[in-house]
Amino acid sequence: MKRLIFDEDHDMFRDATRRFMQAEIEPHVERWRQQGRCDKEAFIKAGEQGLLGMWVPEEYGGPGIEDFRFEQVVIEETLRHGDLGLFLTLHSRLVGPYIGALGSEKLKQRLLPRVVSGETILGIAMTEPGAGSDLAGIKSRAVRDGDDWIINGSKTYISNGINGGAFVVAARTVPDQRHGIGLFVIEEGMAGFQRGRNLAKMGLKTQDTAELFFEGVRVPAENVLGDPEKGFYSLM
């Protein structure tokens, strides 16, 4: 039975996406499962195909497509010819919009084009060893130092943790308020940021899920997402 939610444009996009998945993703899935992560180049190739950050406005290097049905096609064809662990949608639709909605103009101009191209893979770092589903219980701390913030703490079970080049990190900014949490974009290469091991899991074998450690990481003001005391509500 033909699904009626898609039109001709979606069908053409599906055909192109399916051919891409068959040629560039499917042949590598078993190797990725063995190594515990996909190759970074998979995101570069997906970016060249126009499969990443489709919502990103043209002024930031994206096509500005707001129709989620195109993203749905990517999800379906990834599952059909790849693996759920290839979290293109985590990168594009879960993490990317935090930057698009809350990021400074300077951050969006610098980072969003790299999100669209796949040069920078995104992740979001909320879960901690003692705070999983209880976001209000996180212990990672952010302390203001002039216009910058200093981040200390650790995260665990972070998807795209090994391949990721930029992470939206939740850290406590108001010590005496359970919901006093800020969101900060921490990028690879920042002093004091280190990755831990790629964690073994029962499923999602192609997905790199890692520990992240922050020791005195200095985050500039342009990398703060929204109000640094109200990040909890953005996460909700």
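Buried means under 20% relative accessible area, exposed means over 50%, and partly exposed covers what lies in between. The legends below use these words for a predicted model.

**View 1. Arg80 and Glu77 form a salt bridge within helix H4.** The side chains of Arg80 and Glu77 meet at 3.1 Å, taken from N to O, and the two residues lie 3 apart in the helix, which is about one turn. Because its relative accessibility is 46%, Arg80 counts as partly exposed, whereas Glu77, at 0%, counts as buried. Salt bridges that share partners bring Arg14, Arg18, Glu76, Glu77 and Arg80 together in one network.

**View 2. A salt bridge between Arg33 and Asp83 links distant parts of the chain.** The side chains of Arg33 and Asp83 come together with an N to O distance of 2.8 Å. Arg33 belongs to helix H2 (residues 29-35), while Asp83 sits in the loop between helix H4 (68-81) and helix H5 (88-102), so that 50 residues separate the partners along the chain. With a relative accessible area of 34%, Arg33 is partly exposed, but Asp83, with 12%, is buried.

**View 3. Asp67 and Arg69 are joined by a salt bridge.** Here the N to O distance between the side chains is 3.0 Å. Asp67 is partly exposed at 24% relative accessibility, and Arg69 is likewise partly exposed, at 32%. In the structure as a whole there are 19 salt bridges.

**View 4. Strand E5 (residues 181-187) is mostly covered.** In a regular strand the side chains alternate between the two faces of the sheet. In E5 both faces are covered, with Ile181, Leu183, Val185 and Glu187 buried on one side and Gly182, Phe184 and Ile186 buried on the other. Strand E4 (residues 166-172) runs antiparallel to E5 and is joined to it by 7 bridges, and the bridge partner of Arg172 in E5 is Ile181. Strand E8 (residues 224-225) also runs antiparallel to E5, with 2 bridges between them, and Leu183 stands opposite Leu225 of E8.

**View 5. Leu79, Leu84 and Leu204 form a nonpolar patch on the surface.** Together these three residues have about 260 Å² of accessible area. Leu204 is placed in the loop between strand E6 (193-198) and strand E7 (209-219), and at 33% relative accessibility Leu204 counts as partly exposed. For the setting of this patch, the protein chain exposes about 11400 Å², of which carbon and sulfur atoms supply 51%.

Key:
Residues numbered from 1 in each chain as written. Predicted model: local features only at pLDDT ≥ 70, side-chain atom pairs only at ≥ 80, totals over all residues. Heavy atoms only, no water. Buried < 20%, exposed > 50% of the residue type's maximum accessible area, 1.4 Å probe, protein only. Helix = DSSP H or I, 4+ residues; strand = E, 2+ residues; numbered from the N terminus. Pairing = 2+ DSSP bridges. Patch = residues over 30% accessible without salt bridge, like charges linked within 9 Å, V, L, I, M, F, W, Y side chains within 5 Å. Areas by Shrake-Rupley, 256 points an atom, 1.4 Å probe, with all protein chains shown as cover. Salt bridge = Lys/Arg side-chain N within 4 Å of Asp/Glu carboxyl O.
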